[in-house]
Amino acid sequence: MGGGPYKAQGTPFVKGAPMIEIKNLTVAFGAVTAIDALDAVLDAPVCGLIGPNGAGKTTLVNVLSGFAQAKSGDVLVDGNALLVMSTAQRVRFGLRRSFQTEQVVEDLSAWDNVQAMLDHVPHSLGEAEGQVHRALEHVNLLDSAAVPGAELDLFRRRMVEVAKAVVGKPRLILFDEPGAGLDERESRLLRDAIAAIPQQFGAQVLLIDHDVDLITDICTQTLVLDFGRRLALGPTRAVLDDPSVRRAYLGT
Ligand SMILES: Nc1ncnc2c1ncn2[C@@H]1O[C@H](COP(=O)(O)OP(=O)(O)O)[C@@H](O)[C@H]1O
Ligand SMILES: [Mg+2]
């Protein structure tokens, strides 16, 4: 392997400017329509995804990553049809996600937690060590590399999740409330690590967070969901000033 384009179903993946195109996407759980005929184009390097509890944010991340099925609609990432890919193909394609509850393996070291991610994606063996090193360096965890997951505090666990997301040539990283439970200083460090991802690792980022300041700081474009529908989409400032957003989400 190595060198050539990664393949899914015999077709080389298309490269190009970062872009998520969501077309008429509907996701239903029984009688609940969690995503309702959603259309959106997200083309900023770091995009925000916000909305009240139950708005459909996690469901959108689940559909993009293959953990939930769409009822109808399409999603293109950099021009590649995503929904026809298996979960494993999406990982090889460069899709990464974090979960609301962090998923660090307790009896693996921080290093091995990151290394394990590489087992699922194409990489040359010679590159593996350098990639893990670079990822841990990015989140300033090199001095915790040998510490078992069980002994890492919440902040370092959250940072391990970021490090896992950046190995193996990521293309699109979905972060679902990566800052939950962190204090202000820790949030700032997390914010800096996430904001630098597009430049440092070449991936687009979609970030869910309740912290509007965090979203404002690093997301140039933001999508607001409410009841599975698009309430607003555009430059983050403009979106947060939108009266309908203030009413539905910010409670003013
Ligand atoms: N697996 C599921 N089964 C049934 N209903 C679900 C499931 N996942 C989400 N929902 C429902 O879909 C809606 C959107 O949920 P979710 O995407 O988790 O919202 P958010 O992440 O914005 O808080 C909610 O009404 C929720 O109860
Ligand atoms: Mg959620």
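1. The shell around ligand 1 divides into 4 nonpolar, 6 polar and 1 charged residues; the model under discussion is a predicted one, and every remark below should be read with that in mind. The residues that surround ligand 1 are Phe29, Val32, Ala34, Gly51, Asn53, Gly54, Ala55, Gly56, Lys57, Thr58 and Thr59. Two elements, strand E4 (32-42) and helix H1 (57-65), each supply at least two residues of this shell, and the largest share, 3 residues, comes from H1.

2. Helix H1 deserves a separate comment, since 8 of its 9 residues are buried, so that H1 is largely enclosed by the rest of the structure. The buried residues of H1 are Lys57, Thr58, Thr59, Leu60, Val61, Asn62, Val63 and Leu64, and Lys57, Thr58 and Thr59 also appear among the residues that surround ligand 1. Just after H1, the backbone at Gly66 takes a positive phi of about 95°.

3. Strand E4 leads from the ligand to a sheet, an open one in which 4 strands follow the order E4-E3-E6-E7 with antiparallel pairing. E4 and E7 are the edge strands of this sheet, each of them pairing on one side only. Between strand E3 (residues 20-29) and E4 the antiparallel pairing runs over 7 bridges, and within that pairing Ala28 stands opposite Thr33 in E4.

4. On its way through the sheet, E3 also pairs with strand E6 (residues 72-77), again in the antiparallel sense and over 5 bridges, with Glu21 standing opposite Leu76 in E6. E6 in turn pairs with strand E7 (residues 80-81) in the antiparallel sense over 2 bridges, where Val77 stands opposite Asn80 in E7. These two strands, E6 and E7, form a hairpin with 2 residues between them, and Asp78 in the turn has a positive phi of about 50°.

5. The other sheet to consider is also open, and its 6 strands are arranged in the order E8-E9-E10-E5-E11-E12 with mixed pairing. Strand E8 (95-97) and strand E12 (229-235) stand at the edges with a single partner strand each, so one side of each is left without a neighbour in the sheet. Neighbouring strands of this sheet are turned by 15° against each other on average, with direction ignored.

6. At the E8 edge, the pairing with strand E9 (residues 172-176) is in the parallel sense and extends over 3 bridges; the bridge partner of Leu95 in E9 is Leu172. Phe99 lies in the loop between E8 and helix H3 (110-118), and its C-alpha atom is separated by 7.1 Å from that of Phe175, although the two residues are 76 residues apart along the chain. Phe99 has 17 other C-beta atoms within 10 Å and is therefore partly exposed, given that a residue needs 20 or more to be buried and 12 or fewer to be exposed.

7. Two residues in the loops on either side of E9 merit a check of their backbone angles. Lys169 is found in the loop between helix H5 (154-166) and E9, and its phi is near 50°, a positive value in a residue other than glycine; with 17 other C-beta atoms within 10 Å, Lys169 is partly exposed. Glu177 has its place in the loop between E9 and helix H6 (184-195), and phi of Glu177 is likewise near 50°, a positive value in a residue other than glycine. With 19 C-beta neighbours inside 10 Å, Glu177 counts as partly exposed, because the class of buried residues begins at 20.

8. The last point concerns the packing of two helices. The axes of H3 and helix H4 (residues 125-138) come within 10 Å and cross at roughly 125°, which makes H3 oblique to H4. As for its handedness, the crossing in which H3 passes H4 is right-handed.

How values were computed:
Residues are numbered from 1 along each chain as its sequence is written. Chains are lettered from A and ligands numbered from 1 in the order in which they are written. This is a predicted model: local features need pLDDT of at least 70, side-chain atom pairs count only at pLDDT 80 or more; totals for chains, interfaces and linings use all residues. A residue is near a molecule or strand if its C-beta atom, placed from the backbone, lies within 6 Å of it. Ala, Val, Leu, Ile, Met, Phe, Trp, Tyr, Cys and Pro count as nonpolar, Asp, Glu, Lys and Arg as charged, and the others, Gly among them, as polar. Two strands pair if DSSP finds at least two bridges between them. Axes are lines fitted to C-alpha atoms, for helices over the stretch in contact, and angles run from 0 to 180 degrees between N-to-C directions. Angles under 35 degrees count as roughly parallel, over 145 as roughly antiparallel, 65 to 115 as roughly perpendicular and the rest as oblique. A crossing is left-handed if the near helix is turned anticlockwise from the far one by less than a right angle, and right-handed if clockwise.
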